[in-house]
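Please guide me through reading burial, contacts and disulfides in a protein model.

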Amino acid sequence: ILLQQLDTREMASSSAQGGYEHEFIDAVRDDLVCQICHLPARDPQQTTCCGKVYCKSCINRLQPNRCPNCCKSLIDRNGNKNYFPDRASERRIKELEVKCDNHKNGCKWEQELAQLEEHLSECDYAKVDCENNCKQSV
């Protein structure tokens, strides 16, 4: 179990997906948080054994292939997954309000997570690399 805990901490800090690392306006309900990376679940999957929610990328990398909550196998004898996409949780997560990733640069935008990607593509407060090749972001 200790090895599994170390692996999950490593997963949470890696950039290989995992949950949403944005700054949410309100506290995120526990049932929307991945039990592996402890972030709001990205592409949430719900286990059939205990009903816990995990990010798809977190649960797919889990070794051994057992539920971290109840230790039951996540693959049945026929090779079928004992978890499924949780669209209701995904909708609730995408409806949560977040701050723009550039709020520390002065952006005041706060809206639903579902709108964030579009906003970031046109945010005036995003840092860009200097055109003079000085390796600074401005």
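The dialogue below takes up serine, glutamate and cysteine residues in turn.

A: This is a predicted model, in which local features need pLDDT of at least 70, side-chain atom pairs count only at pLDDT 80 or more, and totals for chains, interfaces and linings use all residues. Residues are numbered from 1 along each chain as its sequence is written, and side-chain values use heavy atoms, with hydrogens and water left out.

Q: Is serine 89 buried or exposed?

A: Buried means under 20% relative accessible area, exposed over 50%, and partly exposed in between (1.4 Å probe, protein chains only). Serine 89 has a relative accessible area of 2%, so it is buried. Serine 89 belongs to helix 3 (residues 87–95); helices are DSSP runs of H or I with at least four residues, strands are runs of E with at least two, and both are numbered from the N terminus.

Q: Which side chain makes a polar contact with that of glutamate 23?

A: A polar contact is a pair of N or O atoms within 3.5 Å; within protein, one must be able to donate a hydrogen and the other to accept it, and residues adjacent in sequence count only if both atoms are side-chain atoms. For glutamate 23 the partner is the side chain of histidine 103, at 2.9 Å. Glutamate 23 lies in the loop between helix 1 (2–13) and strand 1 (44–47).

Q: Why is cysteine 55 not bonded to cysteine 37?

A: A disulfide is a pair of cysteine sulfur atoms within 2.5 Å. The sulfur of cysteine 37 is the closest to that of cysteine 55, but at 3.8 Å it is too far for a bond. By this rule there are zero disulfides.
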